[in-house]
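Visitor: Hi, I've just opened this one in my viewer. Can you walk me through it?

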Amino acid sequence: MFHTTLVNYNDDLLYNDMGEGIDEYGHYWQIKIASKEWRAQGGTGTLAQVRVYENGDIRDALELTEMY
(Lines give C-alpha, C1' and ligand atoms only; values in the text may rest on other atoms or scores of the structure.)
Protein backbone atom coordinates (compact mmCIF):
# COMPACT_ATOMS: atom_id res chain seq x y z
CA MET A 1 0.00 0.00 0.00
CA PHE A 2 1.16 3.52 -0.78
CA HIS A 3 1.90 5.12 2.61
CA THR A 4 1.92 8.85 2.07
CA THR A 5 -0.57 11.67 1.87
CA LEU A 6 -1.31 12.82 -1.65
CA VAL A 7 -2.03 16.53 -1.70
CA ASN A 8 -4.99 17.05 -3.99
CA TYR A 9 -5.31 20.61 -5.27
CA ASN A 10 -7.99 19.56 -7.73
CA ASP A 11 -11.31 18.28 -6.32
CA ASP A 12 -12.01 16.50 -9.63
CA LEU A 13 -9.15 14.01 -9.21
CA LEU A 14 -9.37 10.57 -7.63
CA TYR A 15 -6.34 8.43 -6.70
CA ASN A 16 -6.54 4.64 -6.50
CA ASP A 17 -3.81 2.42 -5.02
CA MET A 18 -3.24 -0.34 -7.59
CA GLY A 19 -0.70 -2.24 -5.49
CA GLU A 20 3.05 -2.44 -5.47
CA GLY A 21 5.77 -4.40 -7.18
CA ILE A 22 9.37 -4.56 -8.30
CA ASP A 23 10.67 -4.09 -11.83
CA GLU A 24 14.01 -3.25 -13.43
CA TYR A 25 13.81 0.29 -11.96
CA GLY A 26 13.20 -0.87 -8.38
CA HIS A 27 10.35 -1.09 -5.87
CA TYR A 28 7.24 0.91 -6.82
CA TRP A 29 3.64 1.69 -5.92
CA GLN A 30 1.20 1.89 -8.85
CA ILE A 31 -1.43 4.61 -8.72
CA LYS A 32 -4.37 5.23 -11.04
CA ILE A 33 -5.46 8.85 -11.42
CA ALA A 34 -9.02 9.47 -12.58
CA SER A 35 -11.41 12.35 -13.20
CA LYS A 36 -14.75 12.41 -11.36
CA GLU A 37 -16.23 14.48 -14.18
CA TRP A 38 -15.22 11.98 -16.86
CA ARG A 39 -16.69 9.15 -14.77
CA ALA A 40 -19.97 11.06 -14.39
CA GLN A 41 -20.10 11.30 -18.19
CA GLY A 42 -20.00 7.49 -18.43
CA GLY A 43 -16.30 6.90 -19.04
CA THR A 44 -13.69 5.20 -16.89
CA GLY A 45 -12.28 8.58 -15.93
CA THR A 46 -8.72 7.30 -16.21
CA LEU A 47 -6.20 10.07 -16.81
CA ALA A 48 -3.03 8.11 -16.05
CA GLN A 49 -1.53 5.13 -14.30
CA VAL A 50 1.86 5.82 -12.83
CA ARG A 51 4.50 3.97 -10.86
CA VAL A 52 6.03 5.90 -7.99
CA TYR A 53 9.42 4.52 -6.99
CA GLU A 54 11.08 4.62 -3.59
CA ASN A 55 13.59 7.20 -4.85
CA GLY A 56 10.76 9.53 -5.94
CA ASP A 57 10.90 8.79 -9.68
CA ILE A 58 7.54 8.61 -11.45
CA ARG A 59 7.06 6.57 -14.62
CA ASP A 60 4.06 5.96 -16.87
CA ALA A 61 2.81 2.48 -15.88
CA LEU A 62 0.93 1.86 -19.13
CA GLU A 63 4.01 2.67 -21.21
CA LEU A 64 6.09 0.25 -19.11
CA THR A 65 3.45 -2.48 -19.52
CA GLU A 66 3.42 -2.08 -23.31
CA MET A 67 7.21 -2.54 -23.44
CA TYR A 68 6.96 -6.18 -22.28
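Guide: Sure, let's start with one residue. At 15% relative accessibility, Val52 counts as buried, where buried means under 20% relative accessible area, exposed over 50%, and partly exposed in between (1.4 Å probe, protein chains only). This is a predicted model, in which local features need pLDDT of at least 70 and side-chain atom pairs count only at pLDDT 80 or more, while totals for chains, interfaces and linings use all residues. Residues are numbered from 1 along each chain as its sequence is written, and side-chain values use heavy atoms, with hydrogens and water left out.

Visitor: Where is Val52 found?

Guide: Val52 sits in strand S3. Helices (H or I, at least four residues) and strands (E, at least two) are DSSP runs, numbered from the N terminus. The C-alpha atoms of Val52 and Trp29 are separated by 5.3 Å, with their positions 23 residues apart along the chain.

Visitor: Which residues make up the largest nonpolar core?

Guide: Five residues: Leu13, Ile31, Ile33, Val50 and Val52. A nonpolar core here is a set of buried Ala, Val, Leu, Ile, Met, Phe, Trp, Tyr and Cys residues joined through side-chain atoms within 4.5 Å. S2 and S3 are the elements that give two or more residues to this core.

Visitor: OK, zoom out. How many helices and strands are there in the protein chain?

Guide: Two helices and four strands, and from the N terminus on they run β-β-α-β-β-α. Of the 68 residues in the protein chain, 31% count as buried. The accessible surface comes to about 4900 Å², with 51% of it belonging to carbon and sulfur atoms; those areas come from the Shrake-Rupley method with a 1.4 Å probe, and for residues only the protein chains shown count as cover.

Visitor: How do the strands pair up?

Guide: Strand S1 (residues 13–23) and S2 run antiparallel, joined by nine bridges; two strands pair if DSSP finds at least two bridges between them. The hairpin from S1 to S2 goes through two residues. On the other side of the pairing list, S2 and strand S3 (residues 46–53) are antiparallel too, over seven bridges.

Visitor: And is S2 covered or open?

Guide: Mostly covered: nine of the ten residues in S2 (residues 26–35) are buried.

Visitor: Give me some bridge partners to click on.

Guide: Try Asp17, whose bridge partner in S2 is Ile31. Gly21 has Tyr28 as its partner in S2, and the partner of Tyr28 in S3 is Tyr53.

Visitor: Tyr28 comes up twice there. Which residues does Tyr28 touch?

Guide: Leaving out residues up to four places away in sequence, Tyr28 touches Gly19, Glu20, Gly21, Ile22, Asp23, Arg51, Val52 and Tyr53. Contact means heavy atoms within 4.5 Å. Tyr28 is in strand S2 and counts as buried because its relative accessible area is 11%. Its C-alpha lies 9.4 Å from that of Val50, which is 22 residues away in sequence.

Visitor: Switching to electrostatics. How many salt bridges does a search of the whole structure find?

Guide: One. The criterion is a side-chain nitrogen of Lys or Arg within 4 Å of a carboxyl oxygen of Asp or Glu. Asp23 forms it with Arg51, and the closest N and O atoms are 2.9 Å apart. The pair links distant parts of the chain, as Asp23 is in strand S1 and Arg51 in strand S3, 28 residues apart.

Visitor: Are those two, Asp23 and Arg51, buried or exposed?

Guide: Both Asp23 and Arg51 are buried.

Visitor: What about the end of the chain, say Ala61?

Guide: Ala61 is in helix H2 (residues 61–66). Ala61 counts as buried because its relative accessible area is 0%. Setting aside neighbours within four places in sequence, Ala61 is in contact with Gln30, Gln49, Val50 and Arg51. Ala61 and Ile31 are 30 residues apart in sequence, with their C-alpha atoms 8.6 Å apart in space.

Visitor: Last one: where is confidence lowest and where is it highest in the protein chain?

Guide: Lowest in H2, at a mean pLDDT of 67, and highest in S2, at 94. The mean pLDDT of the chain is 83, and 81% of its residues reach 70 or more; pLDDT is the predictor's confidence in each residue, from 0 to 100.
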